[in-house]
Amino acid sequence: MNTILINGTTDFFQRNFGNAPEKIILSPGRINIIGEHIDYNDGFVLPAAIDKIICFAFEKNNTKTSKIIAIDLDEYFEINLDDEITFDEKVWTNYLRGVLQQLKLKGFQFDGFNCVFRSNIPVGSGLSSSAALECGFLFGINEIFNLNIKPVDIALMGQKAEHWVGINCGIMDQFSSVMGKENKVIKIDCRTLEFEYHEANFSDYSILLLDSNVKHSLFTSAYNTRREECEEGLSIIKKKYPEISSFRDCNITHLQNVKDKMTENIFKRSHYVIQEIARVGKACYALDKGNIPLLGELLFETHKGLSQEYEVSCDEIDFLVDAVKKEKSVIGARMMGGGFGGCSINLVEKGAEDDLIEKIAKQYHSEFGIELKSYKVKISKGTTEFKN
Ligand code: ADP
Ligand code: MG
């Protein structure tokens, strides 16, 4: 499937610019097994890159102007790198402008280039097409101009580009898109950026994403509000326990002891974060031991927390998680990503996926009148140069 995407991108480049591209870069989307909304709370996360990618084709053009084409949107923009980088009404261009801005801020020298890209990562479904876009673009510029930017710095600069666009995201999405490995999940310590790979062996189960096909507009504002609420929760805890510097150092007793100083919402958000940080450790243990039913249980617990305490789910995603809970073939499921729509991640008995999709799609359609989408994903490598 990705061969078609790569050939299509290369052919398009050739038709537009009259020659084959200098470099082809593949940049993946990501899933996150567990550890949701805690990358920006000094927690741990357990993501992995997947076999859905954006394919970029690049060449230097020996001018000062770069031309960038989004094949899927049939849109392009040109940018003179000597000009000030400003926001544009074409939203997708801002992710790339943000990357160029980062390069300029850090003093990198480079000239104009041509770039086209095409994707099979569903957009806005929580698979981080935006991180794949930033990181693949930056990876490509790094390659054609030999800028020697380290992979981790590509992730960090990609994150900053996304902040520039307006989402105050943590590091997980960019990090997993860049650092992913085939059949490995990455446990990332979001405080230190230390990371370790764990075998992604789900034994008799496979990973299935069910896409609610909705994205409620609350997304951006709620994301930024949750960050503020968590900061407030932590600052209340710190007042009583000055030795605590992050949620990682807190347990439920600490939180209970300051409950009367918090609003109910701040308490619930903080409670979720503390529990979720602990769940990531348990999930790694379950994965390492091959105890997939335990992993599944943890996923259901996470969903409950995201829905009732962190309050970032929505009716459609809650419905999908509740529906699969009744199915014997599913041992775990939860909302994945920022929330208010997007996908649920499900651990489904191998071989039972298609029947499950058909059944849940019917139920979902009769409840909401919306078509359910689904993706069977494989855990794959991070951003790389493609060589024939
Ligand atoms: P997610 O990262 O979960 O897919 P976001 O809302 O964070 O959703 O990012 C999606 C945005 O990224 C799109 O609105 C678009 O601006 C940009 N984008 C992603 N994929 C493409 C693509 N193939 N072509 C152009 N822009 C894209
Ligand atoms: Mg995104």
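Below, a colleague quizzes a modeller about the two domains of this predicted model and how they meet.

Colleague: What makes this chain two domains, and where do they run?

Modeller: The split comes from a domain assignment. That assignment gives domain 1 as 2–200 + 381–386 and domain 2 as 205–377. Their centres, taken over C-alpha atoms, are 26 Å apart.

Colleague: How do you know that the radius of gyration agrees with a compact globule?

Modeller: For 388 residues, a compact globule would have a radius of gyration near 21 Å, and the chain has 21 Å, so the two agree. The C-alpha trace spans about 65 × 50 × 40 Å along its principal axes, and the chain has 11 helices and 13 strands.

Colleague: How many residues from each domain take part in the contact?

Modeller: Domain 1 gives 37 residues and domain 2 gives 43. The cut-off for contact is heavy atoms within 4.5 Å. About 3,200 Å² is buried between the domains, with carbon and sulfur atoms giving 63% of that area. On the domain 1 side, Ile-34, Glu-36 and His-37 supply 21% of what domain 1 buries against domain 2, more than any other three residues.

Colleague: Why is the Arg-248 and Asp-189 pair called a salt bridge?

Modeller: The test is a side-chain nitrogen of Lys or Arg within 4 Å of a carboxyl oxygen of Asp or Glu. Arg-248 and Asp-189 come to 2.6 Å, N to O, so the pair passes. Three salt bridges are counted between domain 1 and domain 2, and the whole structure holds 22.

Colleague: And what makes Glu-36 and Arg-334 a salt bridge?

Modeller: Their closest N and O atoms are 2.8 Å apart, which is within 4 Å, so this pair passes too. Glu-36 lies in the loop between β1 and β2, while Arg-334 is in strand β10 (residues 330–335), so the pair ties together parts that are 298 residues apart in sequence.

Colleague: What about polar contacts between the domains, and which elements sit on the domain 1 side?

Modeller: Between domain 1 and domain 2 there are 16 residue pairs in polar contact, both residues at pLDDT 80 or more. Elements giving two or more residues to the domain 1 side include β1 (23–32), β3 (47–60) and β7 (184–189). By class, that side has 15 nonpolar, 12 polar and 10 charged residues.

How values were computed. Residues are numbered from 1 along each chain as its sequence is written. Chains are lettered from A and ligands numbered from 1 in the order in which they are written. This is a predicted model: local features need pLDDT of at least 70, side-chain atom pairs count only at pLDDT 80 or more; totals for chains, interfaces and linings use all residues. Side-chain values use heavy atoms; hydrogens and water are left out. Buried area is the accessible area (1.4 Å probe) that two parts lose on being put together, summed over both. A polar contact is a pair of N or O atoms within 3.5 Å; within protein, one must be able to donate a hydrogen and the other to accept it, and residues adjacent in sequence count only if both atoms are side-chain atoms. Helices (H or I, at least four residues) and strands (E, at least two) are DSSP runs, numbered from the N terminus. Ala, Val, Leu, Ile, Met, Phe, Trp, Tyr, Cys and Pro count as nonpolar, Asp, Glu, Lys and Arg as charged, and the others, Gly among them, as polar. The radius of gyration is taken over C-alpha atoms; the globule rule is 2.2 Å times the number of residues to the power 0.38.
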